[in-house]
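Student: I should like to work through this structure by question and answer. Please reason briefly each time and close on the value or name requested.

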Amino acid sequence: MTESEKLLNQLAGRLGAKTIHELRQVARAVGVKCPAAGKKDRLVEDCLGIAAGKINPVPKKADGGLVGAPPKSHEYDRQLVTDILACREKLNIVCPAAEEEAESIALTVNSGNAHLLDFTAEGILEKSAELWFMRTGLADTRKDIFVNEKLVNRYGLREGDVLCGRCVREEVDEIAGLATVTSVNGGSPENAPNRKKFDNLIPVYPDKRFVTALGADDVAGRMLDLFAPVGAGQLAFITGDRGSGKSEFLKNVASGIAKNNAEVKLVLLLIDVRAEQAADYKRSFPKAKIFSSALGCDESNHVRCARLASEHAKRLAEQSKDAVIILDGLTELARAYNCSAGRVYTALDTSALNSAKKFVSIARNTQDGGSVTIISSLSTGGDAVDEAVFSGLKGACNMRVEVAEKYADAPFDIYASYASDDKRLLSESEFKAAVKLRSQGTGDAFLKTRSNKELCALLNDKN
């Protein structure tokens, strides 16, 4: 056995005795390509290949550092690294093919992939298993950005914050880390620690109305504005049997709010919806923040999306902004809570109902901040779970719209629909007109007039 073979055998024994984590640290230090993705046998083989000159180390950058990530821990076998590099130098062998590969890698990193190593990104902050991540794509975790807890503590960051900053990584296939924070919710990060906390904001009754009618021909929107006006901070349920058109009505309400109330921040929460429904929402509301957990996603993802949406809405309220959560639908979310609690589909666990109540409880108007409004679809008929969810939550809302059957003359039942704060939200003439129409029926009053103002004037003149 030659001296070089003895050296390589000794190195192989020492490398084989290392754990996978220790081996990856050594592999990083000697210049193995993509050590984080390698298994033990491959890492040992590559380290020996570098020692024997069959593989060249990952090329160095202009500043002298390796393109590959440095060891993540300072506690690694430095002597073993020194012996591997010394063996390579002693043998003084360079593989031409490996040299060409190394030059190719360096060219790729320095040109085509440079933007993948140092870039700017925006995402929502989430805490998962005691670690913080900036989620740039809820469905694709490969795009997540790791956020050091020191940055979280320095700027007083909270879950649901929208962050923008510079991200870096040493290797293209590794998760990137947030290096610097340039903005928090569109503002300076230096102001973030001084924010008020949502739970400390003083709740008050709704005192501002969101107009929902899309125009003179939008009879459903005009009726809603008169019989069940939407106010900032309300918890509104769009109720009806499955297949009654709740989701379509909910989407029309969202369109009206987006069109007539430019200051409102729409937050769309789509739970267990079909792919075409989610795509339709995304096309219809390009400026809204969308949290979607489509049909086929597991219950834990439904719950996660709901938590992120609620936290994001609270962050908006802390900035004195009006956030409106459009939830499609609350029944499906309650079912997700139920499955997470370990119950079967035929019974509703008490903890699941409490979780759903906790979610909707954030709806409020505040005196010293903004507001969070929740408008959600809620099924009234179906199986035992649907009935239990409806019975347990119907008393929590302060606005309800009972959607009529698809082929009914009116879009919703004006006698079963209401808003608890309608006197605060409607003018005196509008309130009188609503009372009169409820007593005598709407007839074709909305079709004969071009606006609710004209309708109210017509009804009040008859008195």
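Student: Which residues of helix 12 are buried?
Tutor: The model is a predicted one, and helix 12 covers residues 330–340. Nine of its eleven residues are buried, so the helix is largely enclosed by the rest of the structure. The buried residues are Leu330, Thr331, Glu332, Leu333, Ala334, Arg335, Ala336, Tyr337 and Asn338.

Student: What phi does glycine 342 take?
Tutor: Glycine 342 comes just after helix 12. Its phi is positive, with a value of about 90°.

Student: How many of the residues of strand 14 are buried?
Tutor: Strand 14 spans residues 371–379 and is largely enclosed by the rest of the structure. Ser371, Thr373, Ile375, Ser377 and Ser379 point one way, while Val372, Ile374, Ser376 and Leu378 point the other way, and both sets are buried. The number of buried residues is therefore nine of nine.

Student: Which residue in strand 14 stands opposite glycine 240?
Tutor: Strand 9, residues 235–240, runs parallel to strand 14, and six bridges join the two. Opposite glycine 240 stands serine 379.

Student: Which residue of strand 14 stands opposite alanine 323?
Tutor: Strand 12, residues 322–328, pairs with strand 14 in the parallel sense over six bridges. Within strand 14, the residue opposite alanine 323 is valine 372.

Student: In which sense, parallel or antiparallel, do strand 13 and strand 14 pair?
Tutor: Strand 13 covers residues 364–366 and shares two bridges with strand 14. The two strands form a hairpin with four residues between them, and arginine 364 has valine 372 as its bridge partner in strand 14. The pairing is antiparallel.

Student: Is asparagine 365 buried or exposed?
Tutor: Asparagine 365 is found in strand 13. Its relative accessibility is 6%, and the cut-off for burial is under 20%. Asparagine 365 therefore counts as buried.

Student: Which residue has its backbone oxygen 3.2 Å from a polar atom of the side chain of asparagine 365?
Tutor: Leaving aside neighbours within four places in sequence, the contacts of asparagine 365 include Ile202, Pro203, Val204, Tyr205, Pro206 and Asp207. Ala232, Gly233, Gly370 and Ser371 are also among these contacts. The backbone oxygen at 3.2 Å from the side-chain polar atom belongs to tyrosine 205.

Student: How far apart in space are leucine 8 and cysteine 87, C-alpha to C-alpha?
Tutor: Leucine 8 lies in helix 1, residues 3–16, and is partly exposed, with a relative accessible area of 22%. Beyond its neighbours within four places in sequence, leucine 8 is in contact with Leu48, Ala51, Ala52 and Cys87. Leucine 8 and cysteine 87 are 79 residues apart in sequence, yet their C-alpha separation in space is 8.0 Å.

Student: In what order do the strands of the closed barrel run?
Tutor: The barrel has five strands, with mixed pairing. The twist averages 50° from one strand to the next. The order is 1-2-3-5-4.

Student: Which residue in strand 5 stands opposite valine 168?
Tutor: Strand 4, residues 162–168, and strand 5, residues 176–184, run antiparallel and are joined by six bridges. The residue in strand 5 opposite valine 168 is glycine 177.

Student: At what angle does helix 11 run to strand 1?
Tutor: Helix 11, residues 299–318, lies across strand 1 (118–128), strand 2 (131–135) and strand 4. Its angle to strand 1 is about 105°.

Student: What is the relative direction of helix 2 and helix 3, roughly parallel or roughly antiparallel?
Tutor: Helix 2, residues 20–30, and helix 3, residues 40–52, pack at about 30°, with their axes 10 Å apart. Because angles under 35 degrees count as roughly parallel, helix 2 is to be described relative to helix 3 as roughly parallel.

Student: In which hand, left or right, does helix 2 pass helix 3?
Tutor: Ile20, Leu23, Arg24, Ala27 and Val30 in helix 2 meet Lys40, Leu43, Val44, Cys47 and Ile50 in helix 3. The crossing is left-handed.

Student: What percentage of the residues of the protein count as buried?
Tutor: The protein has 18 helices and 16 strands. Among contacts with a separation of 6 or more, residues 24 or more positions apart account for 68%. Of the 463 residues, the buried share is 49%.

Note on methods: Residues are numbered from 1 along each chain as its sequence is written. This is a predicted model: local features need pLDDT of at least 70, side-chain atom pairs count only at pLDDT 80 or more; totals for chains, interfaces and linings use all residues. Side-chain values use heavy atoms; hydrogens and water are left out. Buried means under 20% relative accessible area, exposed over 50%, partly exposed in between (1.4 Å probe, protein chains only). Two strands pair if DSSP finds at least two bridges between them. A polar contact is a pair of N or O atoms within 3.5 Å; within protein, one must be able to donate a hydrogen and the other to accept it, and residues adjacent in sequence count only if both atoms are side-chain atoms. Contact means heavy atoms within 4.5 Å. Axes are lines fitted to C-alpha atoms, for helices over the stretch in contact, and angles run from 0 to 180 degrees between N-to-C directions. Angles under 35 degrees count as roughly parallel, over 145 as roughly antiparallel, 65 to 115 as roughly perpendicular and the rest as oblique. A crossing is left-handed if the near helix is turned anticlockwise from the far one by less than a right angle, and right-handed if clockwise.
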